[in-house]
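Grab a coffee and open the model in your viewer. Try each exercise yourself before reading its solution.

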Amino acid sequence: MTAPVQDRTPPETPQDTKLVLALPKGRILKAAAPLLAGAGILPASDCLDEGSRRLRFPTDDPALDVVRVRSFDVATFVAFGGAQLGICGADVLMEFDYPEIYAPLDLRIGACRVSVARPKGQGEGDNPARWSRVRVATKYPAITRRHFAARGINADIVHLHGAMELAPVLDLSHLIVDLVDTGSTLRANGLEETETIATVTSRLIVNRTALKTQPERIGALIARFRQALAAPATAETLPA
(Lines give C-alpha, C1' and ligand atoms only; values in the text may rest on other atoms or scores of the structure.)
Protein backbone atom coordinates (compact mmCIF):
# COMPACT_ATOMS: atom_id res chain seq x y z
CA MET A 1 0.00 0.00 0.00
CA THR A 2 1.39 3.37 -1.00
CA ALA A 3 2.06 5.70 1.92
CA PRO A 4 0.14 8.97 1.79
CA VAL A 5 2.12 11.98 0.55
CA GLN A 6 2.86 14.34 3.40
CA ASP A 7 2.12 18.05 2.93
CA ARG A 8 5.39 19.83 3.75
CA THR A 9 3.97 23.34 3.26
CA PRO A 10 4.55 25.22 6.55
CA PRO A 11 1.35 26.22 8.29
CA GLU A 12 0.38 29.86 7.85
CA THR A 13 1.10 32.01 10.88
CA PRO A 14 -2.13 33.43 12.37
CA GLN A 15 -2.46 37.20 11.99
CA ASP A 16 -2.69 37.82 15.73
CA THR A 17 0.62 36.05 16.43
CA LYS A 18 2.62 37.89 13.78
CA LEU A 19 4.97 40.71 14.61
CA VAL A 20 4.24 43.96 12.80
CA LEU A 21 6.89 46.47 11.70
CA ALA A 22 5.53 49.98 10.95
CA LEU A 23 7.27 51.80 8.10
CA PRO A 24 6.87 55.47 7.14
CA LYS A 25 5.63 56.42 3.71
CA GLY A 26 7.72 58.52 1.34
CA ARG A 27 11.44 59.18 1.17
CA ILE A 28 12.32 57.42 4.42
CA LEU A 29 10.74 54.19 3.18
CA LYS A 30 12.92 54.31 0.06
CA ALA A 31 16.01 55.07 2.16
CA ALA A 32 15.16 52.16 4.48
CA ALA A 33 14.86 49.61 1.66
CA PRO A 34 18.59 48.66 1.58
CA LEU A 35 18.63 48.43 5.37
CA LEU A 36 15.60 46.13 5.39
CA ALA A 37 17.29 43.95 2.79
CA GLY A 38 20.46 43.88 4.88
CA ALA A 39 18.39 42.75 7.85
CA GLY A 40 16.91 39.96 5.75
CA ILE A 41 13.43 41.52 5.61
CA LEU A 42 11.90 41.49 2.12
CA PRO A 43 8.36 42.94 2.00
CA ALA A 44 5.98 42.27 -0.87
CA SER A 45 7.13 44.12 -4.00
CA ASP A 46 4.28 46.65 -3.95
CA CYS A 47 5.28 47.89 -0.49
CA LEU A 48 7.65 50.39 -2.15
CA ASP A 49 5.11 51.32 -4.82
CA GLU A 50 3.58 54.69 -3.93
CA GLY A 51 0.63 53.81 -6.15
CA SER A 52 -0.29 50.73 -4.13
CA ARG A 53 -3.45 51.08 -2.06
CA ARG A 54 -2.47 48.29 0.32
CA LEU A 55 -1.39 49.28 3.81
CA ARG A 56 -0.32 45.90 5.22
CA PHE A 57 2.17 43.68 3.43
CA PRO A 58 3.58 40.20 4.05
CA THR A 59 7.32 39.64 4.09
CA ASP A 60 9.49 36.64 3.30
CA ASP A 61 9.29 35.88 7.04
CA PRO A 62 5.86 34.26 7.68
CA ALA A 63 5.93 35.57 11.27
CA LEU A 64 6.47 39.23 10.25
CA ASP A 65 4.26 41.72 8.39
CA VAL A 66 4.96 45.36 7.64
CA VAL A 67 2.46 48.22 7.57
CA ARG A 68 2.95 51.48 5.68
CA VAL A 69 1.65 54.58 7.47
CA ARG A 70 2.27 58.32 7.64
CA SER A 71 5.65 59.14 9.17
CA PHE A 72 3.97 61.08 11.99
CA ASP A 73 1.83 58.04 12.86
CA VAL A 74 4.56 55.39 13.19
CA ALA A 75 5.28 56.24 16.83
CA THR A 76 1.57 56.14 17.71
CA PHE A 77 1.10 52.70 16.11
CA VAL A 78 4.05 51.36 18.12
CA ALA A 79 3.19 53.12 21.39
CA PHE A 80 -0.36 51.74 21.38
CA GLY A 81 0.64 48.24 20.30
CA GLY A 82 -0.73 48.23 16.75
CA ALA A 83 2.84 47.45 15.69
CA GLN A 84 5.58 46.00 17.86
CA LEU A 85 8.42 47.74 15.99
CA GLY A 86 8.80 50.69 13.64
CA ILE A 87 11.15 53.02 11.82
CA CYS A 88 10.58 56.55 13.03
CA GLY A 89 12.23 59.96 12.78
CA ALA A 90 13.75 61.39 15.94
CA ASP A 91 11.62 64.51 15.38
CA VAL A 92 8.44 62.46 15.90
CA LEU A 93 9.88 60.83 19.04
CA MET A 94 10.77 64.28 20.43
CA GLU A 95 7.32 65.64 19.66
CA PHE A 96 5.26 62.87 21.24
CA ASP A 97 7.73 61.58 23.85
CA TYR A 98 5.79 58.33 24.36
CA PRO A 99 7.05 56.49 27.46
CA GLU A 100 5.92 53.20 25.88
CA ILE A 101 8.60 53.47 23.19
CA TYR A 102 12.20 52.25 23.38
CA ALA A 103 14.57 53.36 20.58
CA PRO A 104 17.56 50.99 20.60
CA LEU A 105 19.15 51.89 17.24
CA ASP A 106 19.99 54.99 15.23
CA LEU A 107 19.55 53.78 11.65
CA ARG A 108 21.51 56.70 10.15
CA ILE A 109 18.98 57.37 7.39
CA GLY A 110 16.72 60.35 6.71
CA ALA A 111 19.20 62.90 8.05
CA CYS A 112 17.71 66.39 8.37
CA ARG A 113 17.06 68.95 11.10
CA VAL A 114 14.28 70.74 12.98
CA SER A 115 14.95 74.44 12.51
CA VAL A 116 13.58 77.89 13.21
CA ALA A 117 13.14 80.09 10.13
CA ARG A 118 11.82 83.54 9.32
CA PRO A 119 11.53 85.86 6.29
CA LYS A 120 14.95 86.83 4.99
CA GLY A 121 16.14 90.18 6.34
CA GLN A 122 13.17 90.54 8.70
CA GLY A 123 15.29 90.01 11.81
CA GLU A 124 17.79 92.81 11.19
CA GLY A 125 18.02 94.88 14.38
CA ASP A 126 15.58 92.56 16.19
CA ASN A 127 17.10 90.94 19.26
CA PRO A 128 15.34 87.63 20.13
CA ALA A 129 16.78 87.84 23.65
CA ARG A 130 14.32 90.67 24.32
CA TRP A 131 11.24 88.76 23.21
CA SER A 132 8.65 87.70 25.77
CA ARG A 133 6.16 86.25 23.26
CA VAL A 134 6.33 85.09 19.65
CA ARG A 135 3.85 83.52 17.24
CA VAL A 136 5.19 80.40 15.51
CA ALA A 137 3.65 78.24 12.78
CA THR A 138 4.62 74.58 13.09
CA LYS A 139 3.53 70.95 13.09
CA TYR A 140 5.72 70.47 16.18
CA PRO A 141 3.90 72.34 18.98
CA ALA A 142 5.56 70.44 21.85
CA ILE A 143 9.10 70.82 20.48
CA THR A 144 8.47 74.49 19.70
CA ARG A 145 7.04 75.36 23.12
CA ARG A 146 9.92 73.61 24.91
CA HIS A 147 12.51 75.34 22.74
CA PHE A 148 11.22 78.85 23.33
CA ALA A 149 10.29 78.24 26.98
CA ALA A 150 13.95 77.38 27.64
CA ARG A 151 14.72 80.92 26.50
CA GLY A 152 11.98 82.50 28.60
CA ILE A 153 9.75 83.12 25.58
CA ASN A 154 6.06 82.19 25.38
CA ALA A 155 5.37 80.64 21.96
CA ASP A 156 1.86 81.13 20.58
CA ILE A 157 1.40 78.17 18.23
CA VAL A 158 -0.30 78.25 14.84
CA HIS A 159 -0.66 74.51 14.26
CA LEU A 160 -0.28 73.65 10.57
CA HIS A 161 0.37 70.34 8.83
CA GLY A 162 1.89 71.71 5.64
CA ALA A 163 2.70 74.83 3.59
CA MET A 164 4.47 76.19 6.66
CA GLU A 165 6.48 78.64 4.56
CA LEU A 166 3.34 80.64 3.74
CA ALA A 167 2.61 81.51 7.37
CA PRO A 168 5.07 84.44 7.80
CA VAL A 169 4.36 85.74 4.30
CA LEU A 170 0.61 85.89 5.02
CA ASP A 171 1.12 87.29 8.54
CA LEU A 172 -0.08 84.14 10.28
CA SER A 173 3.13 84.00 12.29
CA HIS A 174 6.47 85.69 12.88
CA LEU A 175 8.50 82.45 12.66
CA ILE A 176 8.13 78.84 11.60
CA VAL A 177 9.60 75.67 13.08
CA ASP A 178 9.84 72.93 10.48
CA LEU A 179 11.82 69.95 9.24
CA VAL A 180 14.59 71.08 6.89
CA ASP A 181 16.67 68.97 4.52
CA THR A 182 18.46 71.07 1.89
CA GLY A 183 16.73 74.36 2.74
CA SER A 184 15.70 74.89 -0.89
CA THR A 185 11.99 75.21 -0.06
CA LEU A 186 12.77 77.88 2.54
CA ARG A 187 14.89 79.85 0.08
CA ALA A 188 12.30 79.53 -2.68
CA ASN A 189 9.76 81.17 -0.37
CA GLY A 190 12.00 83.95 0.92
CA LEU A 191 12.83 82.39 4.29
CA GLU A 192 16.11 81.69 6.04
CA GLU A 193 17.11 79.39 8.87
CA THR A 194 18.04 81.21 12.06
CA GLU A 195 18.57 78.31 14.45
CA THR A 196 18.76 74.52 14.50
CA ILE A 197 16.74 72.99 17.32
CA ALA A 198 17.81 69.38 16.72
CA THR A 199 19.45 67.16 14.13
CA VAL A 200 17.28 64.25 13.08
CA THR A 201 17.81 60.72 11.81
CA SER A 202 15.48 57.73 11.76
CA ARG A 203 15.47 55.24 14.63
CA LEU A 204 14.36 51.66 15.10
CA ILE A 205 11.68 51.83 17.78
CA VAL A 206 10.10 49.08 19.87
CA ASN A 207 7.05 48.81 22.09
CA ARG A 208 8.41 48.25 25.62
CA THR A 209 5.64 45.85 26.65
CA ALA A 210 6.12 43.76 23.51
CA LEU A 211 9.86 43.61 24.18
CA LYS A 212 9.20 42.33 27.72
CA THR A 213 6.65 39.72 26.64
CA GLN A 214 8.44 38.57 23.45
CA PRO A 215 12.10 39.28 24.14
CA GLU A 216 13.49 36.48 21.94
CA ARG A 217 11.51 37.34 18.81
CA ILE A 218 11.94 41.09 19.04
CA GLY A 219 15.51 40.85 20.27
CA ALA A 220 16.34 38.76 17.21
CA LEU A 221 14.94 41.44 14.89
CA ILE A 222 16.90 44.17 16.68
CA ALA A 223 20.03 42.07 16.26
CA ARG A 224 19.36 41.71 12.52
CA PHE A 225 19.10 45.49 12.13
CA ARG A 226 22.28 45.94 14.18
CA GLN A 227 24.12 43.50 11.93
CA ALA A 228 22.81 45.28 8.83
CA LEU A 229 24.15 48.59 10.13
CA ALA A 230 27.53 47.02 10.80
CA ALA A 231 27.82 45.37 7.38
CA PRO A 232 30.20 47.29 5.06
CA ALA A 233 27.96 46.87 2.02
CA THR A 234 25.00 48.36 3.90
CA ALA A 235 27.05 51.12 5.49
CA GLU A 236 28.09 52.33 2.04
CA THR A 237 24.44 52.85 1.08
CA LEU A 238 23.61 54.92 4.17
CA PRO A 239 24.12 58.69 4.40
CA ALA A 240 26.90 59.90 6.67
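Here come four exercises on helices, a strand and some backbone angles.

Before you start, note that this is a predicted model, where local features need pLDDT of at least 70, side-chain atom pairs count only at pLDDT 80 or more, and totals for chains, interfaces and linings use all residues. Residues are numbered from 1 along each chain as its sequence is written, and side-chain values use heavy atoms, with hydrogens and water left out.

**Exercise 1. Work out which residues of helix H8 are buried and where they sit around its axis.**

Step 1: find the helix. H8 runs over residues 215-230 (helices, H or I with at least four residues, and strands, E with at least two, are DSSP runs numbered from the N terminus). Its 16 residues reach 22 Å from first C-alpha to last, close to the 22 Å expected at 1.5 Å a residue (the expected span is 1.5 Å times one less than the number of residues).

Step 2: sort by burial. Ile 218, Leu 221, Ile 222, Phe 225, Ala 228 and Leu 229 are buried (buried is under 20% relative accessible area, exposed over 50%, partly exposed in between, with a 1.4 Å probe and protein chains only).

Step 3: look down the axis. Those buried residues cover an arc of only 120°, so they are on the same side of H8 (the arc is that of the directions from the helix axis to the C-beta atoms). On the other side, Glu 216, Gln 227 and Ala 230 are exposed.

Step 4: recall the rule behind the pattern. An α-helix has 3.6 residues a turn, so residues three or four places apart point the same way.

**Exercise 2. Describe how helix H1 packs with H8.**

Step 1: get the geometry. H1 (residues 27-38) meets H8 at an angle of about 110°, and their axes are 8 Å apart (axes are lines fitted to C-alpha atoms, for helices over the stretch in contact, with angles from 0 to 180 degrees between N-to-C directions). The two helices are therefore roughly perpendicular (that label covers 65 to 115 degrees; under 35 is roughly parallel, over 145 roughly antiparallel, the rest oblique).

Step 2: list the contact residues. H1 brings Leu 35, Leu 36 and Gly 38, while H8 brings Phe 225, Ala 228 and Leu 229 (contact means heavy atoms within 4.5 Å).

Step 3: check H1 itself. Its buried residues are Ile 28, Leu 29, Ala 32, Leu 35 and Leu 36. They fall within an arc of 115° seen down the axis, so they line one face of H1.

**Exercise 3. Place Val 136 in the fold and name its contacts.**

Step 1: Val 136 lies in strand S7 and is buried, at 0% relative accessible area.

Step 2: its C-alpha is separated by 4.8 Å from that of Leu 175, 39 residues apart along the chain.

Step 3: leaving aside neighbours within four places in sequence, the contacts of Val 136 include Thr 144, Phe 148, Ile 157 and Val 177. Thr 144 and Phe 148 are among the buried residues of helix H4 (residues 141-149).

**Exercise 4. Compare the phi values and settings of Asp 97 and Arg 108.**

Step 1: Most residues other than glycine have a negative phi.

Step 2: Asp 97 has a positive phi, near 50°. Asp 97 sits in the loop between helix H3 (90-96) and strand S5 (101-106), and is exposed at 58% relative accessible area.

Step 3: Arg 108 also has a positive phi, near 60°. Arg 108 belongs to the loop between S5 and strand S6 (112-119), and counts as partly exposed at 35%.
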